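Welcome, and thanks for taking a look at this one with us. Below is a short briefing on the metal sites and the bound ligand; have the structure open as you read.

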Amino acid sequence: MNDTPAEKRPPAPADASRLPSPAGARAAPAFADLHLHTLFSDGTFSPEEMAGHGARCGLMAMSLTDHDTVEGCPRMALACRNLGIEFIPGAELTAELDGAELHILGYYLDMENPKLQSSLKQFQAVRQNRIHEMVARLNRVHIPLRAETVFAIANCHSPGRPHVGRALVQEGFCESLDEAFDRFLKKNRPAYVPKFKISALDAIGLVHHAGGLASMAHPGLNRSDDVIPAMAASGLDGLECFHSKHTAAMTEYYLDIAARHHLLVTGGSDCHGYSKGKPLIGGCKLPAIYYERLKERRRAGIGNSELKIVK
Ligand code: AMP
Ligand code: ZN
Ligand code: FE
Ligand code: FE
């Protein structure tokens with residue numbers, strides 16, 4: 001599905017690392033973006049397009065973290081390799097703790113891990129059933145949207161509210177995605193359907209089981225700072241301190257929390273392509289030092305090696 005023809009792929013940029021650096025010149029700072037969504041969930045870029053944008057932004061490393069799926073990772077890994085960008089296979093899992101929704105980012109996932117695969121399939125089935133339920137609720141308030149329209153727009157196994165929103169705009173029921181969320185899709189609006197969520201601790205366990213490292217996504221959006229110590233004690237590996245919606249002060253605040261709980265620092269733009277207006281890639285970048293620490297932890301296998309037994 002959604003195969004990007006070769007001619008649509010962006011050309012490889014000049015390899016700056018091969019150019020001689022002028023004497024005394026300081027190396028340009030290096031950055032990673034470890035939070036990205038493609039059309040395998042609710043983003044609008046193909047993996048190849050996303051990798052191309054990463055190259056143009058000068059990224060040294062990228063991770064694809066689509067919602068509840070790793071399907072885009074093999075294509076993005078190949079595209080990144082062709083562009084000289086390091087790639088981490090990842091996913092963003094929707095989880096909950098004490099009734100609050102939390103997003104857990106899994107990095108360095110073994111995509112072939114059977115338990116990961118069956119869990120993702122289950123989460124995707126929940127998402128697909130939820131689309132039917134959201135459409136039924138819209139129909140009840142006299143919006144004659146059809147589930148087929150949403151599935152055609154989503155064209156992926158991991159559909160979500162943004163796809164329902166896009167369908168509402170396409171069919172002329174709303175002017176914009178924001179209006180669709182404000183009128184129908186947000187919590188306490190007529191088409192809002194809560195989704196079954198894995199517990200945050202089980203999400204961390206699942207990531208570890210698949211050989212990965214688990215980071216809590218955008219803590220500044222969830223406002224669940226009080227759960228961070230318990231999550232750290234339960235095996236959470238990292239905290240997403242750098243995020244498009246974090247102010248500089250929030251980033252500093254979460255860097256301090258990460259240091260206190262010995263958590264790795266992760267970060268990324270959470271770019272969804274044009275899904276939410278302007279593409280966010282390049283706007284929020286993780287300094288290389290934190291990426292190197294993540295890589296180092298992965299190399300050492302700390303925190304997950306003993307859990308990676310069952311395949
Ligand atoms: P879901 O996982 O189906 O509950 O959908 C969550 C997705 O909807 C996330 O990617 C959110 O960033 C996105 N989202 C939430 N509010 C809005 C909004 N007002 N406009 C566009 N996307 C939104
Ligand atoms: Zn999303
Ligand atoms: Fe998220
Ligand atoms: Fe995200």
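## Metals and ligand at a glance

The zinc ion (ligand 2) and the iron ion (ligand 4) are separated by 4.7 Å. Please keep in mind that this is a predicted model. Ligand 1 occupies the largest pocket, and Asp42 is among the residues closest to ligand 1.

**The zinc site**

- The zinc ion (ligand 2) takes its protein donors from Asp42 (OD), Asp42 (OD), His67 (NE2) and His272 (NE2), at 2.0 to 2.6 Å.
- Along the chain, the residues that supply these donors to the zinc ion (ligand 2) have the spacing D-x24-H-x204-H.
- Asp42 sits in the loop between β1 (31–33) and α1 (47–56), while His67 sits in the loop between β2 (61–64) and α2 (73–83), so this pair ties together parts that are 25 residues apart in sequence.

**The iron ions**

- Glu92 (OE), His103 (ND1) and His218 (NE2) coordinate the iron ion (ligand 3) at 2.1 to 2.2 Å.
- For the iron ion (ligand 3), the donor spacing along the chain reads E-x10-H-x114-H.
- Glu92 coordinates both the iron ion (ligand 3) and the iron ion (ligand 4), which are 3.5 Å apart.
- Glu92 belongs to strand β3 (residues 86–97) and His218 to the loop between β6 (213–216) and α8 (219–222); the pair links distant parts of the chain, 126 residues apart.

**What surrounds ligand 1**

- Ligand 1 is surrounded by 13 residues, with Asp42, Arg130, Arg161, Lys195 and Lys276 the closest.
- Sorted by class, this shell holds seven charged, three polar and three nonpolar residues.

**Polar contacts and cover of ligand 1**

- A polar backbone atom of Arg161 lies 2.8 Å from an oxygen atom of ligand 1.
- In the side chain of Lys195, an N or O atom is 2.9 Å from an oxygen atom of ligand 1.
- His272, which is also a zinc donor, has a side-chain N or O atom 3.3 Å from an oxygen atom of ligand 1.
- On its own, ligand 1 has 500 Å² of accessible area, and the protein covers 78% of that.

**Elements in the shell**

- Two or more residues of the shell around ligand 1 come from each of α3 (114–140), α5 (161–170) and α6 (177–185).
- With three residues, α6 gives the most to this shell.

How values were computed
Residues are numbered from 1 along each chain as its sequence is written. Chains are lettered from A and ligands numbered from 1 in the order in which they are written. This is a predicted model: local features need pLDDT of at least 70, side-chain atom pairs count only at pLDDT 80 or more; totals for chains, interfaces and linings use all residues. Side-chain values use heavy atoms; hydrogens and water are left out. A residue is near a molecule or strand if one of its heavy atoms lies within 4 Å of it. A polar contact is a pair of N or O atoms within 3.5 Å; within protein, one must be able to donate a hydrogen and the other to accept it, and residues adjacent in sequence count only if both atoms are side-chain atoms. Accessible areas come from the Shrake-Rupley method with a 1.4 Å probe; for residues, only the protein chains shown count as cover. On a 1 Å grid over the protein atoms alone, a cavity is a set of points where a 1.4 Å probe fits but cannot get out, and a pocket is an open set with protein on both sides within 12 Å along at least five of seven lines; lining residues have an atom within 4 Å of a point. A molecule sits in a cavity or pocket if more than half of its atoms lie within 2 Å of its grid points. Helices (H or I, at least four residues) and strands (E, at least two) are DSSP runs, numbered from the N terminus. Ala, Val, Leu, Ile, Met, Phe, Trp, Tyr, Cys and Pro count as nonpolar, Asp, Glu, Lys and Arg as charged, and the others, Gly among them, as polar. Donors are N, O and S atoms within 2.8 Å of the metal (3.2 Å for Na, K and Ca); water is not among the atoms, so sites may look incomplete.
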